[in-house]
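Please walk through this model with me, from one helix outward to the charged pairs.

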Amino acid sequence: MNSSELYDTFRSDVSDVAKPYLWSDDEVFRYMDAAYKMFVRLTGGITDFLSDATLIDIVAGEKVADSHPSILRILHAERVSDGNPLRIVNTTDLNSVTQSDYGNVRSLVNDRSVGAVHSMIIGRQKDKVEWASIPVEDDQAQLSVFRLPLEDICGFDHDLAEVDEMHHIYLLDWMKHLAYKKHDAETYDVNKSTHCGDEFRAYCLQAKGELERQRYKVGVVQYGG
């Protein structure tokens, strides 16, 4: 299903097929974009290690670098030049490390040495990462991430392939949730809006469980005896 097909289904479901529409095309696509992104947020994000969004430039002499704004969570990082993994340090780790490790983490944050990048500090500022040491040469960091969709849905014939097609029909619930919140005598219906929002969240919870089972290997329980 693409955005045109979802658009037609929405208009049919809410009986808004004759002009002048109760909801404009711009409003429908805005609701669609919001539903698409909300599904991704509530189910944990799109897994990615191949798109340009998963690359961060390491620039000689620059301790801070830009990360892609779509990234929700970084799972793994490595240097492109040699494949060596980068240690990922969150600034909140400073509040949870043991006393013996505190000095090591603090030294990473305050490191001003020059050399090969071996650690990446995240969480200090949105869409930014910080290298633990000042890079001595240009490189790139390759990430594995959970992220949001890379493109906004703005009109007809937009590909919705970043979310599996079996979920597309359920995006209508969030679209209706937003549509029925429109403050207009002919569209506002708080009960319908609340019901559709609850239905959508319940479906996303179920879908999240299914996606997590696909993403992670089954643990092995060993028994002694």
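**Salt bridges and a first helix**

Lys126 and Asp127 form a salt bridge, with their closest N and O atoms 3.0 Å apart. The model is a predicted one. Lys126 counts as exposed, because its relative accessibility is 62%. Asp127 is partly exposed, with a relative accessible area of 25%.

Glu162 pairs with Arg147 in another salt bridge. Here the closest N and O atoms are 2.5 Å apart. Glu162 lies in the loop between strand S10 (139-147) and H4, and Arg147 lies in strand S10, so the pair ties together parts that are 15 residues apart in sequence. Burial differs between the partners: Glu162 is partly exposed at 32% relative accessibility, whereas Arg147 is buried, with a relative accessible area of 4%. Elsewhere, salt bridges that share partners join Arg11, Asp16 and Asp25 into one network. The count of salt bridges comes to twelve.

Asp13 and Lys176 form one more of these pairs, their closest N and O atoms being 3.2 Å apart. Asp13 sits in helix H1 and Lys176 in helix H4, so this salt bridge ties together parts that are 163 residues apart in sequence. Asp13 is partly exposed, at 41% relative accessibility. Lys176 has a relative accessible area of 15%; buried means under 20%, so Lys176 is buried.

Now turn to H1 itself, which spans residues 3-13. Which of its residues are buried? They are Ser3, Ser4, Leu6, Tyr7, Phe10 and Arg11. Seen down the axis of H1, these buried residues fall within an arc of 165°, so they line one face of the helix. The general geometry helps here. An α-helix has 3.6 residues a turn, so residues three or four places apart point the same way. The cover over the buried residues of H1 includes helix H2 (25-42) and helix H4 (171-179).

Both ends of H1 deserve a look. Asn2 caps the N-terminal end: one of its side-chain oxygens lies 3.0 Å from the backbone nitrogen of Ser4. After H1 comes Ser15, with a positive phi near 55°.

Helix H2 offers a last stop, at Glu27. Is Glu27 buried or exposed? Glu27 counts as buried, because its relative accessibility is 14%. A polar atom of the Glu27 side chain lies 2.8 Å from the backbone nitrogen of Ser24. Leaving aside neighbours within four places in sequence, Glu27 is in contact with Leu22 and Lys182.

Definitions and conventions. Residues are numbered from 1 along each chain as its sequence is written. This is a predicted model: local features need pLDDT of at least 70, side-chain atom pairs count only at pLDDT 80 or more; totals for chains, interfaces and linings use all residues. Side-chain values use heavy atoms; hydrogens and water are left out. Buried means under 20% relative accessible area, exposed over 50%, partly exposed in between (1.4 Å probe, protein chains only). Helices (H or I, at least four residues) and strands (E, at least two) are DSSP runs, numbered from the N terminus. The arc is that of the directions from the helix axis to the C-beta atoms. Contact means heavy atoms within 4.5 Å. A polar contact is a pair of N or O atoms within 3.5 Å; within protein, one must be able to donate a hydrogen and the other to accept it, and residues adjacent in sequence count only if both atoms are side-chain atoms. A salt bridge is a side-chain nitrogen of Lys or Arg within 4 Å of a carboxyl oxygen of Asp or Glu.
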